[in-house]
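Please open the structure in a viewer and keep the sequence at hand. The tour below proposes a series of selections and describes what each one shows.

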Amino acid sequence: MKDYYKILGLSKEASIDDIKMSYKKLAMKYHPDRNPNDPKSEEKFKDIKEAYEFLTNKNASKNNIGSMNVNNMNFSDFSNSESSLDDIFNVIFQKNFKKNNRSCYLLDIDLECAVYGCFLNLKIPYQGTCNFCFGKGYKPESDLKICNKCYGSGLYTVMQGIFNFKQKCSKCEGKGYISTESCIKCEGSGKLHKFNNKFIEIKKNTENNTSICLNLDNKDSENNNFYIIIKIKPHSIYFRKDLNNNDLYMDFYIDFIKIMLGGFLKIPTLYGFVVHKIDKCFKNFKNYKVGNFGLNFNKRFGNLYLNIFIDILSELNFYSWFLLNKLKISIEHNNYNLLFNFNKKINAFNDLVFKL
Ligand SMILES: [Zn+2]
Ligand SMILES: [Zn+2]
């Protein structure tokens, strides 16, 4: 069996994110479009694709969200789908609509791309002239017949009462001739779906819904100007509650011993790790603030807020169990604030109900 990890230049411990990153890098390098007439690259490209498909299926159930390494983040990882070739050229145009008479495309990007800025290679779809029939719609060598509706004039006369109107012949679409064989590539339309690769720059701190005006120079297309509207994808770690401010939120876990004894929190922010000291008997679980580590869109700094959860041991060995028992004995009953208050309320309730 092939060593799929080796093909992607990875060790066996590689996470699914490592696999994706490595695949994208290698696939860009060896893609046939970039290496025309090079059978070795093509072979290599196929291997890379096979390795990627195999390893991502195998790893599909692994969850690597917690293993984020801010220092090694690949900010050019801009696509959201899995393995298609389009993915490498990252065209994630969702919708095509009109704004100020220009076509608009929505482009999904990762939060990291929006914050740090990046260059994207977009594969932009357009309707271009068919290269096989040069837009004529019929096979170059096929026979042409004079249109039997307009007799070659391309115009058809319509009589309405005493008036005559000339209009474009509907049978030959004004060409005056009909081909015996339509072009097989464009099926007679003279147009083909084509793609144009274009590098665009996403600037640092690009806010959601920013539009980028793009002009292409396709000589065989009428529609060369359009907008790309940036849509920031949901992030696996950070989320926004209110799009009107730049605050970010994330879930954060602290072990129960650190909650009691105090210590240092290593907090992953979009800009690297920051370390915060917490006091013993920590209680500030909701919206713990990490100042100015939110987003910086429109030159307004937001904060990062942690929603803190207490992590408890998943199992106990004998020694831990023994120590915890000693700890339990050493702590007085009413040292638990929440339990103490709760028990007081329950007792008062019992007094009221059962002593009547
Ligand atoms: Zn054609
Ligand atoms: Zn005609």
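**A guided tour of the predicted model**

Begin with the hairpin of E5 and E6, where two residues lie between the strands and Gly161 takes a positive phi near 60°. The model is predicted, and each stop below should be viewed with that in mind.

**First stop: the hairpin**

Select residues 155–160, which make up strand E5, and then residues 163–168, which make up strand E6. The two strands run antiparallel and are joined by six bridges. Within this pairing, Tyr156 has Gln167 of E6 as its bridge partner. Is E5 covered or in the open? None of its six residues is buried, so the strand lies largely in the open.

**Second stop: the three-stranded sheet**

Next, display E11, E15 and E14, which form an open sheet in that order, with mixed pairing. Strand E11 (248–255) and strand E14 (288–290) stand at the edges; each has a single partner strand, so one side of each is left without a neighbour in the sheet. On average, neighbouring strands of this sheet are turned by 35° against each other, direction ignored.

Now colour strand E15 (residues 304–311) and examine its two pairings in turn. E11 and E15 run parallel and are joined by eight bridges. Asp251 is a useful residue to select here, as Asn307 in E15 stands opposite. E14 and E15, by contrast, run antiparallel, with three bridges between them. Two pairs can be selected on this side: Val290 opposite Leu304, and Tyr288 opposite Leu306.

**Third stop: two helices**

Select residues 16–30, helix H2. At 1.5 Å a residue, its 15 residues should span 21 Å, and the end C-alpha atoms are 21 Å apart, which agrees. Several residues of H2 are buried, among them Ile19, Tyr23, Leu26 and Tyr30.

Then move to residues 337–354, helix H8. Its 18 residues should span 26 Å at 1.5 Å a residue, and the distance of 26 Å between its end C-alpha atoms agrees. Which of its residues are buried? The count is zero, and H8 is hardly covered.

**Fourth stop: two loop asparagines**

Most residues other than glycine have a negative phi. Asn205, however, has a positive phi of about 55°. Asn205 is located in the loop between strand E8 (191–202) and strand E9 (211–215). Because 16 C-beta neighbours lie inside 10 Å, Asn205 counts as partly exposed.

Asn298 also has a positive phi, near 55°, and belongs to the loop between E14 and E15. With 8 C-beta neighbours inside 10 Å, Asn298 counts as exposed.

**Last stop: the whole chain and its confidence**

Finally, show the entire protein chain, which has eight helices and 15 strands. Buried residues make up 16% of its 356 residues. Of the contacts with a separation of 6 or more, 59% are between residues 24 or more positions apart.

Colour the chain by pLDDT. The average is 82, and 87% of the residues score at least 70. Which elements have the lowest and the highest mean pLDDT? Helix H4 (residues 85–88) has the lowest, at 38, and E14 the highest, at 97. Over residues 60–92, pLDDT stays under 50, and the model has 57 contacts beyond four places in sequence for this stretch. Where pLDDT is low, the predicted coordinates should not be read in detail.

Key:
Residues numbered from 1 in each chain as written. Chains lettered and ligands numbered in written order. Predicted model: local features only at pLDDT ≥ 70, side-chain atom pairs only at ≥ 80, totals over all residues. Buried ≥ 20, exposed ≤ 12 C-beta atoms within 10 Å, placed from the backbone. Helix = DSSP H or I, 4+ residues; strand = E, 2+ residues; numbered from the N terminus. Pairing = 2+ DSSP bridges. Axes fitted to C-alpha atoms, helices over the stretch in contact; angles between N-to-C directions. Expected span 1.5 Å × (residues − 1). pLDDT = per-residue confidence, 0-100. Contact = placed C-beta atoms within 7 Å.
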